[in-house]
Amino acid sequence: MTGVSQPDDTSLKRVHDRKPGQASTDLTVAHLWAALRLGLADFLAKPQYGLFFGSLFAASGLALTYLLLARGEVSWLIPAAAGFPLLAPFTAVGLYEVSRRSELGLPIGWTAVLTAIRTRNDDQILSMGVLIFVGFGFWVIIAHLIFSIFLVEAGAGSESLAFLLTPSGLTMLAVGSAFGAVIAFVFFATTVFSLPMLVERDVDVLTAIFTSLAVVRDNLAVLLLWAFVIGALLFVAMVPAFLGLLVILPVLGHATWHLYRAAVPPAAH
């Protein structure tokens, strides 16, 4: 078969050859798998950067878990752990820069990668990071409130994980998961293409966000699947003491860059 429905890796790599102003690609499931293959290829080509950002993200998760467990704050640990993947897009900014430079044949070095949050010498990506961390804090507070309501109803101690196996605990997980899925998708729709765009172009945060929302709206079914794939892989990666993030985070970060390049038309020059 030919056409957009069956893109290969080469077609995704060459998507930047489209003329400025050309309509966005209608994404298909095949684009997702091609992006994942290219993401893996980028990681294997420059593993030091992926391992660095994956380690940074994993270490942050371990530190947060240790801190809350040491304080006996299970009622805060569960919401924080559930919302932790929401921070992944901001952590992946350096990975977008690695893929961007690889695509353009530009030299790649630690200085360029580590300063990617100010690629355009402004604070747009940092502003986006602030929004992400504020949203994460909002999620943790709301999720903790949900947890506490059901905890009080069950009369369980906040230090007991056994509460999760009670009827109230299972109901709490169902309610929290439903609410969390909505919040997570809002995060996803807002950041999935806006952060790569801010790395690539001299645009403001609102322009990047509106572009991301528009692409998600126009490709809702496919990007719902992509959101599920990201969430599922990050969850699996977090289970073995966050160690899976060493590989999963960079592969997903690079893959998201390639999906962005497939979905968003090049800027006019």
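The protein exposes about 12,900 Å² of surface, and carbon and sulfur atoms supply 70% of that area. These values, like those that follow, come from a predicted model. Of the 269 residues, 46% count as buried. The fold is built from helices, with 13 of them and zero strands, so a walk along the sequence, by the DSSP runs used here, meets one α element after another. Contacts that span long stretches of sequence are well represented: among contacts with a separation of 6 or more, 75% join residues 24 or more positions apart.

Two helix pairs give a good view of how these elements meet. In one pair, helix α2 (residues 29-45) packs with helix α12 (residues 220-238) at an angle of about 35°, and their axes lie 9 Å apart. The crossing of α2 past α12 is right-handed. On the α2 side the contact involves Val29, Leu32, Trp33 and Leu36, which meet Val222, Leu225, Trp226 and Val229 of α12. By residue class this contact comprises eight nonpolar residues, with no polar and no charged ones.

The other pair brings together helix α3 (residues 47-70) and helix α6 (residues 93-104), with an angle of about 170° between them and their axes 9 Å apart. Because angles over 145 degrees are classed this way, α3 runs roughly antiparallel to α6. Tyr49, Gly50 and Phe53 represent α3 in the contact, while Gly94, Leu95 and Val98 represent α6. Here the division is four nonpolar and two polar residues, again with no charged ones.

Helix α6 also holds Tyr96. With a relative accessibility of 3%, Tyr96 counts as buried, because the cut-off for that class is under 20%. Beyond its neighbours within four places in sequence, Tyr96 is in contact with Pro89, Leu195, Pro196, Val199, Gly253, Thr256 and Trp257. One of these partners, Pro196, lies 100 residues from Tyr96 along the chain, yet their C-alpha atoms are separated by 6.2 Å.

Pro89 and Pro196 appear again in the surroundings of Thr191: setting aside residues up to four places away in sequence, Thr191 touches Pro89, Met128, Ile132, Pro196 and Ser212. Thr191 belongs to helix α9 (residues 167-191). This threonine is likewise buried, at 5% relative accessibility.

Buried positions are found in loops too. Ala116 sits in the loop between α7 (110-114) and α8 (124-154), and its relative accessibility of 1% places it among the buried residues. Its contacts, not counting residues up to four places away in sequence, are Val93, Gly94, Glu97 and Ile125. Gly94 is thus a useful residue to locate on screen, since, with contact taken as heavy atoms within 4.5 Å, Gly94 takes part in the α3 and α6 contact and is touched by Ala116. Ala116 and Glu200, which are 84 residues apart in sequence, have a C-alpha to C-alpha distance of 9.7 Å.

A further loop residue worth a look is Phe242, located between α12 and α13 (245-263). Phe242 has a phi near 70°, a positive value in a residue other than glycine. At 8% relative accessibility, Phe242 also counts as buried.

Key: Residues numbered from 1 in each chain as written. Predicted model: local features only at pLDDT ≥ 70, side-chain atom pairs only at ≥ 80, totals over all residues. Heavy atoms only, no water. Helix = DSSP H or I, 4+ residues; strand = E, 2+ residues; numbered from the N terminus. Buried < 20%, exposed > 50% of the residue type's maximum accessible area, 1.4 Å probe, protein only. Areas by Shrake-Rupley, 256 points an atom, 1.4 Å probe, with all protein chains shown as cover. Axes fitted to C-alpha atoms, helices over the stretch in contact; angles between N-to-C directions. Left-handed = near helix turned anticlockwise from the far one by under 90°. Nonpolar A, V, L, I, M, F, W, Y, C, P; charged D, E, K, R; others polar. Parallel < 35°, antiparallel > 145°, perpendicular 65-115°, else oblique.
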